[in-house]
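Work through the exercises below with the structure open. Each task is followed by a solution in steps.

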Protein chains: 2
Amino acid sequence: MASPNVISKEKIMVAATKMAQDHGYGGLNFRELAEAVGIKPASIYHHFPSKADLAAAIATKYWKDCATDLETISSALDPISSLKKYPVTFRRSLQNENRICLASFLAAERTDIPEKVLIEVYKFADVNIAWLSKMLKASGSEEKTCEPRARAIFAAIAGAQMIARSRADIDIFDSIVADYQASGFLPS
Amino acid sequence: MASPNVISKEKIMVAATKMAQDHGYGGLNFRELAEAVGIKPASIYHHFPSKADLAAAIATKYWKDCATDLETISSALDPISSLKKYPVTFRRSLQNENRICLASFLAAERTDIPEKVLIEVYKFADVNIAWLSKMLKASGSEEKTCEPRARAIFAAIAGAQMIARSRADIDIFDSIVADYQASGFLPS
DNA sequence: ACAAGTCTACCTAACACTTGGTAGACTTAG
DNA sequence: CTAAGTCTACCAAGTGTTAGGTAGACTTGT
């Protein structure tokens with residue numbers, strides 16, 4: 001049996017993730033995607049049975065990669081330092097050609113996205129909130145307040161990323177995060 | 001001169017605003033819009049020269065209505081009470097069939113939206129931040145911190161709205177806002 | 001007063017184009 | 001040879017938009 005070519009499949013996923021972070025599910029189209037990868041649109045169907053499946057696949061990889069990143073942070077640093085570093089994961093998307101996280105597009109497109117994609121993008125939020133909650137608890141917060149606070153931090157950082165992206169200005173993200181810290185909402 | 005029928009034009013704008021808040025600029029299409037209004041797609045061109053112009057028109061009305069709402073609040077209440085009431089304006093969109101503010105879609109679709117629409121949606125953010133800044137200053141905050149804090153509050157509330165919408169659960173919005181208040185980030 | 005002209009508001013029908021998706025043939029490496 | 005991987009060549013459905021026409025209400029000159 002011929003060894004499967006994993007290169008194209010991966011190239012498709014990388015390019016599709018970028019496109020989805022820049023234009024959303026609706027803006028993700030096979031012609032531009034194929035061009036970015038260097039193949040013809042029809043060839044994508046050899047690797048993914050449908051657009052929905054492709055999107056679900058990149059969404060899955062997305063939250064799994066995120067989980068790994070967060071684990072890397074919290075296994076190297078104490079809880080408070082980890083929390084301080086949390087905004088960096090969102091900052092990276094902006095640095096990477098002003099893109100935003102898939103979860104933000106979810107809010108915008110939720111009524112127009114296939115369910116199997118929606119489910120995977122939910123998990124991104126779940127992973128983030130669970131990690132934040134764990135860090136808060138480990139840093140001595142009252143157990144009851146951890147999950148609500150985690151959700152609030154997630155919302156606030158996602159909002160900051162959104163506003164910064166809308167102006168294509170990463171300084172706005174930094175400024176907002178700095179204010180969250182100055183107000184004591186985030187540890188500084 | 002025959003008196004212009006302002007009813008259809010207004011019906012188009014109301015329906016288009018709802019559609020844009022639910023599906024974004026890309027998801028706003030003339031067939032569904034015309035059906036919602038009760039006319040044929042081509043007839044929309046009698047009132048608006050293009051989709052971009054229609055979108056710009058509703059975006060303009062959007063930030064002007066918002067400015068009026070905020071003025072109503074701050075002229076009836078003291079600055080601190082006004083700030084406390086601020087989240088309500090965002091809550092209304094969620095109550096209205098889980099829609100979000102146009103500015104949030106802007107972040108998602110910014111690279112795919114006509115410039116004339118983009119400009120108008122920017123003004124929505126400007127109006128909000130200017131009002132928040134004014135309230136903060138009037139309530140005794142240091143002048144230098146007002147605008148950064150105003151932007152942070154705007155981002156945080158928009159983020160809360162986004163996360164709540166993604167789950168179609170208005171309780172999440174309330175919970176996040178409550179946490180912003182509990183942490184002292186928002187006045188309570 | 002009344003016909004001629006003008007304007008509003010909408011229609012039907014088609015336009016050029018883009019979308020996701022399919023069928024089947026070709027190429028190439030093991 | 002065989003299967004993976006890619007191709008060419010389509011298609012049906014949907015997009016914003018345009019052209020040209022119609023019914024009826026208003027305005028105007030005589």
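**Exercise 1: Arg99 of chain A**

Arg99(A) sits in the loop between α5 (79–95) and α6 of chain A. The model is a predicted one.

Task: decide whether Arg99(A) is buried or exposed, and find which residues Arg99(A) touches beyond four places away in sequence.

Solution.
- Count the other C-beta atoms within 10 Å of that of Arg99(A): there are 22. A residue is buried if the count is 20 or more, so Arg99(A) is buried.
- Leaving out residues up to four places away in sequence, Arg99(A) touches Lys18(A), Gln21(A), Asp22(A) and Ser93(A).
- Ala160(A) is 61 residues from Arg99(A) in sequence, and their C-alpha atoms are 13 Å apart.

**Exercise 2: the helix α5(A)**

Task: compare the expected span of α5(A) with the distance between its end C-alpha atoms, then state where the helix has a kink.

Solution.
- α5(A) has 17 residues, and at 1.5 Å a residue it should span 24 Å.
- The end C-alpha atoms of α5(A) are 25 Å apart, which agrees with the expected span.
- The kink, of about 30°, is at Lys85(A), shortly before the proline Pro87(A).
- Pro87(A) is also one of the buried residues of α5(A), along with Ser82(A), Leu83(A), Tyr86(A), Phe90(A), Ser93(A) and Leu94(A).

**Exercise 3: Glu97 in both chains**

Task: give the sign of phi at Glu97(A) and at Glu97(B), and place each residue in its chain.

Solution.
- Just after α5(A), Glu97(A) has a positive phi of about 60°; Glu97(A) is a residue other than glycine.
- Glu97(A) belongs to the loop between α5 and α6 of chain A. With 11 C-beta neighbours inside 10 Å, it counts as exposed.
- Glu97(B), likewise not a glycine, has a positive phi of about 60°.
- In chain B the loop that holds Glu97(B) runs between α4 (79–95) and α5 (102–109). Glu97(B) has 11 C-beta neighbours inside 10 Å and therefore counts as exposed.

**Exercise 4: the contact between the chains**

Task: describe the contact between chain A and chain B, then derive how the two copies are related.

Solution.
- Chain A gives 36 residues to the contact, and chain B gives 36 residues.
- On the side of chain A, two or more residues come from each of α1 (6–27), α6 (102–109), α8 (143–166) and α9 (170–182).
- The most come from α8(A), which gives 14 residues.
- By class, this side of chain A has 18 nonpolar, 11 polar and seven charged residues.
- Chain A superposes on chain B by a rotation of 180° with 0.0 Å of shift along the axis, at an RMSD of 0.1 Å.
- The two copies are therefore related as by a two-fold rotation axis.
- Gly159(A) has the C-alpha nearest the axis in chain A, 1.9 Å from it.
- The same surface serves both copies, since 100% of the contact residues of chain A recur in chain B.

**Exercise 5: the surface near DNA strand C**

Task: state which residues come nearest to DNA strand C and how the surface near the strand divides by class.

Solution.
- There are 20 residues around DNA strand C, and Ala42(A), Lys51(A), Asn5(B), Lys40(B) and Ala42(B) come nearest.
- α2 (30–37) and α3 (41–44) of chain A each supply at least two residues of this surface.
- The surface has 11 nonpolar, six polar and three charged residues.

Technical notes: Residues numbered from 1 in each chain as written. Chains lettered and ligands numbered in written order. Predicted model: local features only at pLDDT ≥ 70, side-chain atom pairs only at ≥ 80, totals over all residues. Near = placed C-beta within 6 Å. Helix = DSSP H or I, 4+ residues; strand = E, 2+ residues; numbered from the N terminus. Nonpolar A, V, L, I, M, F, W, Y, C, P; charged D, E, K, R; others polar. Contact = placed C-beta atoms within 7 Å. Least-squares fit on C-alpha atoms with pLDDT ≥ 70 in both. Buried ≥ 20, exposed ≤ 12 C-beta atoms within 10 Å, placed from the backbone. Expected span 1.5 Å × (residues − 1). Bend = angle between axes of the 7 residues up to and from the residue.
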